Amino acid sequence: MNRSRILGAGHYVPERIVTNQELSEMMNTNDEWIVERTGIHERRWFTPGVDTVNNMAAKASRMAMERAGIEPSEVDFIVFATITSDYFLPGNGVLLQRELGLANIGALDVKNACSGFLYALTVADQFIKTGMYRKILVVGAEIQSSALDKSDEGRSSAVIFADGAGAVILGAVGQSEPGILSSHLHSDGAFAEELYCIAPSSSGEVRLSQEMIDRGDFFVKMNGNTVFKHAIVRFMEVINEALNHNGYTKDEIDLLVPHQANLRISQYVQQKLELPDEKVFNNIMYLGNTTAGTIPIALSQAWEQGRLKKGDLVCLAAFGSGFAWASVLLRW
Ligand code: UT7
């Protein structure tokens with residue numbers, strides 16, 4: 001059986017920087033609250049007519065392919081994680097296939113929100129292990145800012161979510177090579193309505209009515225406090241599950257790349273695992289929470305900054321809407 005390995009990572013974030021100060025002009029919030037409660041100083045929001053989920057994903061993908069040293073023609077399959085697809089139908093995988101000019105390869109969309117990239121990576125890993133494909137483009141990309149209620153009512157979500165795209169090339173390598181060691185996927189739908197977006201919905205008479213618009217059904221709704229409390233528990237569980245499964249201890253981790261939900265969540269996990277700062281990667285301070293985008297963007301930046309070296313033990317972990325949570329342990 002093959003092992004799969006990340007051969008290259010890339011990312012793209014929109015040019016528009018939105019500071020906390022700018023948010024405080026839109027809603028009743030302030031820099032001090034946002035920094036203290038979330039760790040975020042600024043984030044990137046897309047520019048309508050310029051950025052799309054598809055074109056950001058394509059930029060991230062081209063960078064990942066270049067860094068992996070592969071030609072687009074070598075990509076066998078696409079797995080695209082997003083909850084903010086450009087169209088309601090079809091998904092973004094096929095748009096990326098077209099944009100990159102990839103011959104008629106398959107494209108799969110994954111809609112698991114903040115854990116989406118780890119679910120996507122795990123799906124790709126299975127295809128590679130079985131030998132069905134040798135090189136898979138795995139993407140996490142989102143435009144969240146158009147689903148945010150920027151009034152006082154939506155302020156707890158509006159200050160954390162942001163836009164951006166990341167991509168990796170997952171390739172087949174021999175069993176003795178470094179690569180993905182294990183994945184651990186979980187969900188608990190009992191909490192679906194703690195972080196969700198109702199519209200457009202297939203189960204109404206029409207998918208988007210004036211009434212739904214007036215009610216703000218197309219805004220992301222989050223009960224932040226409940227999500228936070230579950231996140232810190234599940235993060236710890238799923239990271240320990242990955243370590244135990246492979247017979248490693250927490251001090252053997254070289255880099256933890258947590259989903260960038262809230263800096264306080266990452267810091268809690270860091271403290272519990274007793275990891276020094278250099279062993280935890282955070283970029284939420286200047287990029288916010290880009291849902292499925294956070295982990296591949298972080299991997300791309302961590303690699304750029306020389307924080308990922310061949311053979312490093314890397315733990316990826318995520319928690320979010322669903323609830324769904326996941327971890328992937330790998331040797332870089
Ligand atoms: O990415 C996937 C999953 N998402 C997460 O993991 C997010 C998890 N949750 C969180 O990050 C945090 O819960 C938030 C950042 C969303 C909120 O922080 P919090 O510390 O849990 O605040 P809270 O919701 O308990 O609200 C505390 C107070 C409230 O005021 P009162 O009732 O105490 O007077 C809120 O109305 O802070 C108020 N508040 C704000 N004040 C200024 C909420 N949002 C804001 C804001 N600016 N943006």
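Domain bounds, as used in these legends for a predicted model, come from an automatic or database domain assignment.

**Figure 1. The ligand and the two domains that contribute to its shell.** At least three residues of the shell around the ligand are drawn from domain 1 (3-173), and at least three from domain 2 (180-331). The ligand occupies the second largest pocket of the model. Two or more shell residues are given by each of helix 2 (31-38), helix 6 (155-158), helix 8 (224-246), helix 9 (263-273) and strand 12 (313-320), and helix 8, with four residues, gives the most.

**Figure 2. Residues that surround the ligand, and their classes.** There are 24 residues around the ligand, of which Thr29, Arg37, Asn225, Asn262 and Asn289 come nearest. Sorted by class, the shell consists of eleven nonpolar, ten polar and three charged residues.

**Figure 3. Side-chain N or O atoms of Asn225, Asn289 and Arg264 beside oxygen atoms of the ligand.** For Asn225, an N or O atom in the side chain is 2.5 Å from an oxygen atom of the ligand, and for Asn289 the corresponding distance, again from a side-chain N or O atom to a ligand oxygen, is 2.6 Å. For Arg264, a side-chain N or O atom is 3.4 Å from an oxygen atom of the ligand, a distance that lies within the 3.5 Å cut-off for a polar contact. Taken alone, the ligand would expose 950 Å², and the protein buries 74% of that area.

**Figure 4. Two cis peptide bonds, one from Leu89 to Pro90 and one between Gly322 and Phe323.** Most peptide bonds are trans. The bond from Leu89 to Pro90, however, is cis, with omega near -5°, and Pro90 is placed in the loop between strand 4 (77-81) and helix 4 (92-99). The bond that joins Gly322 and Phe323 is likewise cis, with omega about -10°, and Phe323 is found in the loop between strand 12 and strand 13 (324-331).

**Figure 5. Ala113, a residue other than glycine with a positive phi.** Most residues other than glycine have a negative phi. In Ala113, by contrast, phi is near 50°, and the residue has its place in the loop between strand 5 (106-110) and helix 5 (116-129).

Methods: Residues are numbered from 1 along each chain as its sequence is written. This is a predicted model: local features need pLDDT of at least 70, side-chain atom pairs count only at pLDDT 80 or more; totals for chains, interfaces and linings use all residues. Side-chain values use heavy atoms; hydrogens and water are left out. A residue is near a molecule or strand if one of its heavy atoms lies within 4 Å of it. A polar contact is a pair of N or O atoms within 3.5 Å; within protein, one must be able to donate a hydrogen and the other to accept it, and residues adjacent in sequence count only if both atoms are side-chain atoms. Accessible areas come from the Shrake-Rupley method with a 1.4 Å probe; for residues, only the protein chains shown count as cover. On a 1 Å grid over the protein atoms alone, a cavity is a set of points where a 1.4 Å probe fits but cannot get out, and a pocket is an open set with protein on both sides within 12 Å along at least five of seven lines; lining residues have an atom within 4 Å of a point. A molecule sits in a cavity or pocket if more than half of its atoms lie within 2 Å of its grid points. Ala, Val, Leu, Ile, Met, Phe, Trp, Tyr, Cys and Pro count as nonpolar, Asp, Glu, Lys and Arg as charged, and the others, Gly among them, as polar.
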